[in-house]
Amino acid sequence: MKDYKKVLIAVNGKMDVLTEGLKSVKDEKCIVTVLKVVPSFEGDLGLVGVKNIGDVLGSDRYRLISEIEDVANAKGAVVTTRVEEGDIQQKILEVAEEEESDVIIMGDGKQSLIKKVLGMNVTAKVVSKAPCPVMKIKA
């Protein structure tokens, strides 16, 4: 990781990717941005008692940021955290370009055969379109 100064760690549901990603850059003087993408919501939640989806997503956003910061602090790392809403693959690519990332670190967990056949593998899509190298971590 010696030549990488700006690192983007894209986390999914688990913090394993963050933990392993931070281990990879531990001894380097890198600028680390941690990205969590939440899918966009389209629909009516009035039937289940949700009046303002922004409030629900906002509180979840603070929880995610706190969880990411807790992991980073435990590893002694200083990170910038971004929580974005939208298409996961598209947002990872957009943030990598905005941040001028030298490398993207992301999870490459097990995918069901159906997801593979339907082309729903986010990691593969990011790898094929990324503006920089992608380091995949088994998560």
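So, to kick off: is C30 buried or exposed? C30 is buried, and its relative accessible area is 16%. We call that buried because the cut-off is under 20% relative accessible area. Keep in mind that this is a predicted model, so everything I say today is computed from that prediction.

While we're on cysteines, have a look at C132 too. C132 also counts as buried, at 12% relative accessibility. You might wonder how many disulfides there are in the whole structure. The search comes back with zero. For anyone who is new to the term, a disulfide is a covalent bond joining the sulfur atoms of two cysteines.

Okay, let's zoom out to the whole chain. What does the chain contain in the way of helices and strands? Five helices and five strands. If you walk along from the N terminus, the order is β-α-β-α-β-α-β-α-α-β. The chain has 139 residues, and 35% of them are buried. The accessible surface adds up to about 8600 Å², with carbon and sulfur atoms accounting for 51% of that. And here's one about contacts: take those between residues at least 6 apart in sequence, and 74% of them join residues at least 24 apart.

Now back to C30 for a second, since C30 is one of the residues lining the second largest pocket. The volume of that pocket is about 190 Å³. Its lining includes a stretch of names from the twenties, such as L22, K23, V25 and K26, and then K75, G76, A77 and V78 from further along. Sort the lining residues by type and you get six nonpolar, one polar and five charged.

Next up is helix α3, which covers residues 88-98. Which residues of α3 are buried? They are Q89, K91, I92, L93, V95 and A96. Here's a general point to hold on to: an α-helix has 3.6 residues a turn, so residues three or four places apart point the same way. As for what covers the buried residues of α3, the list includes β1 (6-11), β2 (31-38), β3 (79-85), β4 and α5.

Let's pick L93 out of that helix. L93 is buried, with a relative accessible area of 11%. What does L93 touch, leaving aside neighbours within four places in sequence? L93 is in contact with V126, K129, A130 and P131. There's a distance to go with that: L93 and V127 are 34 residues apart along the chain, and their C-alpha atoms are separated by 9.5 Å.

You heard A130 in that list, so let's go there. A130 sits in the loop between α5 (122-129) and β5 (134-137). Not counting residues up to four places away in sequence, A130 touches L93 and I104. A130 also pairs up with Q89 in a distance check: the two are 41 residues apart in sequence, and C-alpha to C-alpha they are 9.7 Å apart in space.

Last stop: E100, in the loop that runs between α3 and β4 (103-107). E100 has a positive phi of about 55°, although it is not a glycine. Why point that out? Most residues other than glycine have a negative phi. And is E100 buried or exposed? E100 is exposed, because its relative accessible area of 54% is over the 50% cut-off.

That's my tour. Over to you for questions!

Note on methods: Residues are numbered from 1 along each chain as its sequence is written. This is a predicted model: local features need pLDDT of at least 70, side-chain atom pairs count only at pLDDT 80 or more; totals for chains, interfaces and linings use all residues. Side-chain values use heavy atoms; hydrogens and water are left out. On a 1 Å grid over the protein atoms alone, a cavity is a set of points where a 1.4 Å probe fits but cannot get out, and a pocket is an open set with protein on both sides within 12 Å along at least five of seven lines; lining residues have an atom within 4 Å of a point. Grid points are joined across faces, edges and corners, and a volume is the space filled by probe spheres set on the points. Ala, Val, Leu, Ile, Met, Phe, Trp, Tyr, Cys and Pro count as nonpolar, Asp, Glu, Lys and Arg as charged, and the others, Gly among them, as polar. A disulfide is a pair of cysteine sulfur atoms within 2.5 Å. Buried means under 20% relative accessible area, exposed over 50%, partly exposed in between (1.4 Å probe, protein chains only). Helices (H or I, at least four residues) and strands (E, at least two) are DSSP runs, numbered from the N terminus. Contact means heavy atoms within 4.5 Å. Accessible areas come from the Shrake-Rupley method with a 1.4 Å probe; for residues, only the protein chains shown count as cover.
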